[in-house]
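Work through the exercises below with the sequence and the structure at hand, and try each task before you read its solution.

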Amino acid sequence: MKKQIITTKIRKLLISISLTIAIIFSLLSMATSVSADRVIDNIEGIYIEDFVAGSTAQANFSYSYLRDRPENPDDSPLIFRINITSSDDENFPVWKGDFEVSGFIKRYILFGLIPVGEEHFTCNEQEPQTIIHPLGNETVNVKNGTFYCFDPEGNLDFGDFNAYDEVFLNIKSHPALWPGEYGLSVELYYLTDTYSPIVNILDKFYFDRYFRDGSYVDFEVEIIDVNLNDYWAKIITPNKNFSFAKQEKQGYENIYEFFQTIPNDIIEGDFEVLVTAVDDFGNNATDNITIKIDLTPPTIELLSPEEGKVYSEILPIELNITDEKSGVNKTSVKFRLREIANGTICPETGVPIGNYSCVNTGWLNIEFDEITETFTKQLNTTEYNLSSGEYWFDARAEDILGNLAYLE
Amino acid sequence: MKKKIIVIGIIISVLLIGIVSASLLDFFGKITGSVEVKGPVFYAAPGKVLLVNEEPSTYATYEARDGNAIVFWTEENLGGIDFNYIPKVDLYIRAKVNNATPSKPLELIFGYSDTSGIMIDICSLNMDISTEELDDYYISCDGLSIPQDVDEFYYKMQGKGSQDIEYEISTENTKVEIIGVVE
């Protein structure tokens with residue numbers, strides 16, 4: 001009796017030491033854990049009663065998947081690997097076909113108090129076989145006696161709740177099965193997501209145009225990843241990168257909006273707009289498009305009137321205006337004539353100069369001639385009350401972005 | 001059982017610490033148990049059927065004179081399964097004989113037919129029936145070879161006495177148990 005008591009004490013001591021070590025290691029692991037290792041708690045089982053070959057036995061076990069644990073991310077797949085081994089593996093190993101396994105899970109929340117449903121899964125010992133899950137598909141080699149059980153749509157977590165799972169296995173054995181002791185183990189598996197997000201800039205044609213500082217740029221991107229963690233878009237320039245604001249498009253799944261007014265410190269050139277998405281597992285993907293920044297105003301060439309030439313009645317005006325990038329805004333081209341009185345150009349407001357008044361036509365429109373591809377106008381000097389004298393001619397034109405050029 | 005769970009808990013905790021995500025598919029928890037699998041039991045049932053692991057709820061009696069055998073067959077074709085051991089079996093029978101003095105031999109044969117229909121004995125022994133009222137008898141029997149290509153099992157009883165000896169067999173408690181492996 002005394003020996004038994006001592007043995008029991010030693011056993012309790014060993015268990016206590018082991019538990020303490022395990023707890024310390026667990027705490028250390030939790031404190032430093034940044035990996036994707038999941039943890040299950042409150043494990044019970046496996047419970048299985050002895051059975052006869054050729055019959056179906058039911059085994060069960062249970063565990064909690066606590067989503068509060070930092071190790072346990074959402075959307076972890078539900079994958080079991082069941083391994084059945086013979087205690088005399090040398091002489092009577094388990095072969096494929098010796099067992100058939102199927103099962104289901106009863107899931108509870110709130111400390112196992114509230115049932116939230118049943119989830120059935122299939123088990124397969126086919127060699128090889130592919131685990132299918134939205135996180136990724138993985139082909140695995142399957143040893144004799146091993147079954148992979150999973151539900152492609154099944155997850156370990158249940159929304160915002162800690163899930164408590166009771167797992168029931170139906171194990172059907174072959175009548176020719178060697179009668180003896182068998183070991184049964186169940187391992188929970190997770191898939192590491194190696195799938196990169198899918199990133200598609202949807203309206204790439206939108207970038208066929210030019211932009212400038214002050215332009216409002218907005219575009220949509222389709223980003224697909226079940227574990228999407230973050231996403232962003234930037235304009236990459238040699239001097240500086242410019243970020244876009246972002247938001248999910250309301251009412252649309254996987255569509256994200258990026259928008260930004262281009263700041264005035266951007267330089268001219270063709271630059272890459274890079275959209276990047278990264279998931280919880282560090283997989284990332286990008287899509288890109290070129291954004292063209294045009295800060296150069298049109299070039300204005302005066303073809304007529306000629307410098308110093310004398311005109312009477314009709315003053316022919318012809319301007320050749322070009323803009324290699326965004327193009328000339330044809331409605332923006334204007335000219336004016338200002339009288340030069342006493343060597344002074346009539347002010348823009350046309351107010352009198354000293355004791356003299358002066359003529360200022362103000363900015364006048366000039367039409368684009370499709371034939372000559374120049375801006376032309378035959379100005380009737382009488383109509384504009386242009387008396388004999390010297391006039392200062394100037395012109396202005398904008399490209400379609402509003403980059404403004406003056407001819408003075 | 002409680003001790004086992006505690007030990008398992010410790011193993012799992014230690015395993016959880018050591019595993020680092022390295023591959024696409026990785027495990028993070030292990031739950032273990034063990035189970036004793038016994039050999040199948042074949043029950044004689046009315047209709048001369050041999051039920052596998054299913055004890056019948058009704059019984060029937062059959063009479064046999066010498067030269068006439070009573071054979072119980074499994075209903076389901078197993079399709080040619082292979083054993084990987086030589087079975088050691090216990091043969092049970094509930095029987096009587098019309099003249100039990102001296103006791104009369106009744107041959108008990110447990111065997112199978114393969115997928116080509118050939119009947120192969122796993123083991124056969126003579127059981128002396130020594131009662132004129134139904135009584136339970138059993139005998140252990142070592143198989144001779146590893147059953148291969150098994151399609152159906154049978155349990156056969158055949159009288160070995162003279163022509164005027166009549167045996168009566170009840171399906172109650174008449175069964176074959178595979179109890180282990182012939183070493």
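A residue counts as buried if 20 or more other C-beta atoms lie within 10 Å of its own, as exposed if 12 or fewer do, and as partly exposed in between, with C-beta atoms placed from the backbone. The model is predicted, so that local features need pLDDT of at least 70 and side-chain atom pairs count only at pLDDT 80 or more, while totals for chains, interfaces and linings use all residues. Residues are numbered from 1 along each chain as its sequence is written, and chains are lettered from A, with ligands numbered from 1, in the order in which they are written.

**Exercise 1.** Describe chain A as a whole.

*Solution.* Begin with the burial, which covers 30% of the 408 residues in chain A. Then turn to the secondary structure, where chain A has one helix and 29 strands, given that helices (H or I, at least four residues) and strands (E, at least two) are DSSP runs numbered from the N terminus.

**Exercise 2.** Is Arg338(A) buried or exposed?

*Solution.* First locate Arg338(A) in strand E23, which spans residues 328–341 of chain A. Next look at its surroundings: Arg338(A) is buried because 21 other C-beta atoms lie within 10 Å. Finally, the C-alpha atoms of Arg338(A) and Trp392(A) are 4.9 Å apart, although 54 residues separate the two along the chain.

**Exercise 3.** Which strands stand at the edges of the sheet E12-E14-E18-E17 in chain A?

*Solution.* Start from the order E12-E14-E18-E17, an open sheet of four strands with antiparallel pairing, where two strands pair if DSSP finds at least two bridges between them. Strands E12 (198–201) and E17 (245–248) of chain A each have a single partner strand, so one side of each is left without a neighbour in the sheet, and these two stand at the edges.
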